[in-house]
Amino acid sequence: MAVKYLKSLELRGKRAFIRVDFNVPYDKSMSITDDTRITATLPTIRHCIDGGAKVILVSHLGRPDGKVVPKMSLAPVAERLSGLLGRTVLFVDKPIGAGAAEMLAGLKDGDVALLENIRFYPEEEKNDREFGKKLAELADVYINDAFATAHRGHASNEAITHFVKECAAGFLLENEIEYFRKAMLDPTRPTTAIIGGVKISSKIDALKNILGRVDNLIIGGGMAYTFLKAKGYDVGKSILEADHVPTAKAIIDLAIKNKVNLVLPVDIVVAPDLDSADKMSLARFDAMPSDLEGVDIGPESIGLYSDIIRKSKTVVWNGPLGAFENPAFAVGTNAIAKIVAESDCLSVIGGGDSVSAIHQSGYADKMSYISTGGGAFLELLEGKTLPAIAALDK
Ligand code: ADP
Ligand code: MG
C-alpha cells in the first residue's frame, strides 16, 4: 500500500476537505456525553489550520438512513469543536447545493467549517459516484481521518477520492495504519495475539489470519468454552456455540500446522449467572460444574498468560477475557491489561468492548496504541484491505 500521509501535503490557501469521525454520543437533550472522537482528530485539524488551509470537515452521526433526523444533527458538534479549537466553526446545514458553496467560498485561510451529517443524504452510504463528485467540488485536497468507518466504502470516504487529485491519511488514520503494520504485518518477534470476547463465530476469519502471523495465540472470554468443548471437555452452562465446535477444532489444527502456541484457560471463574458474583467459585478446565457458567479466567490462567506476554515483543489484543461489565468478572482482563501495560512490548488493542474494558482497567494510557475502530480493526485482523484506505492508494 502506498498511502500518502498528511505531513507530505502542501496546504496553504487550499481547501482541505477532511473526513472525520464525529459520531459522538448525545444524551436526550443533545448534549455530547463523550467527545473522545472529536479530540482524537484535533491534531489533524490543527495541522491544517496552522498550515493555512481552509478546513472543511465532513462526518456522519448515528444511522439516519438517508433522511434528515434533527436529533442526529452535527450542530452541537460544531459548537463543541469551536470551544476546543478556540475559534468559530462555521456550520453548514445544507452541504450540497448553491448555498453551501457560497458559504464555503467565504472561508479564509485557517478557517474551519463543519458540514451537516452526511448520512442525511441517501447517496452517502450507497457510495454514489455523482454524490462523491459533488463533494469533491468542495475540495482541493482530501484527507481521511476516520478509521472507524474505513471498512465501509461510502461517498465521503471512497467515491470522492476518484475526483480529488491529492488524497492522504490524516494523523489518526496514519497511526492506525502504522501501528497495525508494526503489530501484525512487520512485527518484532515473538508476537502474541490475545483474542477474547463473546463468540467465536464473529472472529473466525480473524483467528485464521492471525494464525499465519503470530507465535502465540491466547484465547479467553466466552469463545474459550467452544474451544474447550472441541477438546472434549464439558463446559457446564457457559456460552457455547455448538455449531462452531468443528470450527474451533479446525483452528486448533491450523495452530498445530502453523506451529503457533495456542493457549486456553486452565482454570475458570464460574458462577450461576452473570449477576451472581457473590456465588462465584473456581473450576479446572476439565472439571467445570454442569450447573455453572464460565465468567472469567482464573489466577493460574492469568499466570500462564502473563509468562507468555512477558516474553513477547509484540502483543495484539481484541476481546475481553471475561464478562468484564460486572467488575467482579473483570479481574482476569484487568490483570492481563496490567501485565501488557507494564511489559515493554509494542501493544495494540482494538474492538469496541475491548477498548471499554481497557479504559475500565485503568491501564489505557500505558498501552502503545488503542485503536479507534471496532469493525474496522476486526477487518484488519481478518487480513482485509479496507475500502477507505485502498481509496487513498493512488
Ligand atoms: P470487542 O467488541 O472488543 O470485539 P466482543 O464484542 O467480541 O469484543 O466481546 C465482548 C463481550 O464479551 C463483552 O460484552 C463481555 O461481557 C463478553 N464476554 C467475555 N467473556 C465472557 C464470558 N465468559 N461469558 C459471557 N460473556 C463474556
Ligand atoms: Mg463488541
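**Exercise 1. Which residues does Ile-195 touch, not counting residues up to four places away in sequence?**

Solution. Step 1: apply the cut-off for a contact, which is heavy atoms within 4.5 Å. Step 2: list the partners. Ile-195 touches Lys-203, Leu-207, Ile-210, Leu-217, Ile-218, Ile-219, Gly-220, Met-223 and Asn-318. Step 3: place the residue. Ile-195 lies in strand E7, residues 191-195. Helices (H or I, at least four residues) and strands (E, at least two) are DSSP runs, numbered from the N terminus. Step 4: check the cover. Ile-195 has a relative accessible area of 2% and is therefore buried. Buried means under 20% relative accessible area, exposed over 50%, and partly exposed in between, with a 1.4 Å probe and protein chains only.

Before going on, note the conventions. This is a predicted model, in which local features need pLDDT of at least 70 and side-chain atom pairs count only at pLDDT 80 or more, while totals for chains, interfaces and linings use all residues. Residues are numbered from 1 along each chain as its sequence is written, chains are lettered from A and ligands numbered from 1 in the order in which they are written, and side-chain values use heavy atoms, with hydrogens and water left out.

**Exercise 2. How many residues of helix H9 are buried, and which?**

Solution. Step 1: take the range. Helix H9 covers residues 223-230, and 7 of its 8 residues are buried. Step 2: name them. The buried residues of H9 are Met-223, Ala-224, Tyr-225, Thr-226, Phe-227, Leu-228 and Ala-230. Step 3: relate the helix to Ile-195. Met-223 is one of the contacts of Ile-195. The C-alpha atoms of Ile-195 and Ala-224 are 9.3 Å apart, with these positions 29 residues apart along the chain. Step 4: look just past the helix, where Gly-232 takes a positive phi of about 100°.

**Exercise 3. Where do unusual backbone angles occur?** 

Solution. Step 1: recall the rule. Most residues other than glycine have a negative phi, and most peptide bonds are trans. Step 2: find the peptide bond that is cis. The bond from Arg-189 to Pro-190 is cis, with omega near 0°. Pro-190 sits in the loop between helix H7 (171-185) and E7. Step 3: find positive phi values outside glycine. Met-30 is not a glycine, yet its phi is positive, about 60°. Met-30 belongs to the loop between strand E1 (15-19) and helix H1 (36-39). Asp-65, also not a glycine, has a positive phi of about 55°. Asp-65 belongs to the loop between strand E2 (54-58) and helix H3 (75-85). Step 4: classify both by accessibility. Met-30 has 25% and counts as partly exposed, whereas Asp-65 has 55% and counts as exposed.

**Exercise 4. How many disulfides does a search of the whole structure find?**

Solution. Step 1: use the cut-off, a pair of cysteine sulfur atoms within 2.5 Å. Step 2: the search finds 0 disulfides. Step 3: take Cys-167 as a case. Its nearest cysteine sulfur, that of Cys-48, is 13 Å away. Step 4: check the cover of two cysteines. Cys-167 is buried, because its relative accessibility is 5%. Cys-345 is also buried, because its relative accessible area is 7%.

**Exercise 5. Is Lys-4 buried, partly exposed or exposed, and what does Lys-4 touch?**

Solution. Step 1: locate Lys-4, which is in the segment before E1. Step 2: read the relative accessible area, 36%, so Lys-4 is partly exposed. Step 3: list the contacts. Not counting residues up to four places away in sequence, Lys-4 touches Leu-9, Glu-166, Cys-167, Ala-168 and Ala-169. Step 4: compare sequence and space. Lys-4 and Glu-174 are 170 residues apart along the chain, and their C-alpha atoms are separated by 9.0 Å.

**Exercise 6. How far apart are Ala-255 and Arg-87 in sequence and in space?**

Solution. Step 1: place Ala-255 in helix H10, residues 245-257. Step 2: read both distances. Ala-255 and Arg-87 are 168 residues apart in sequence and 54 Å apart in space, C-alpha to C-alpha. Step 3: check the cover. Ala-255 is buried, because its relative accessibility is 1%. Step 4: list the contacts. Not counting residues up to four places away in sequence, Ala-255 touches Leu-211, Val-260 and Leu-262.
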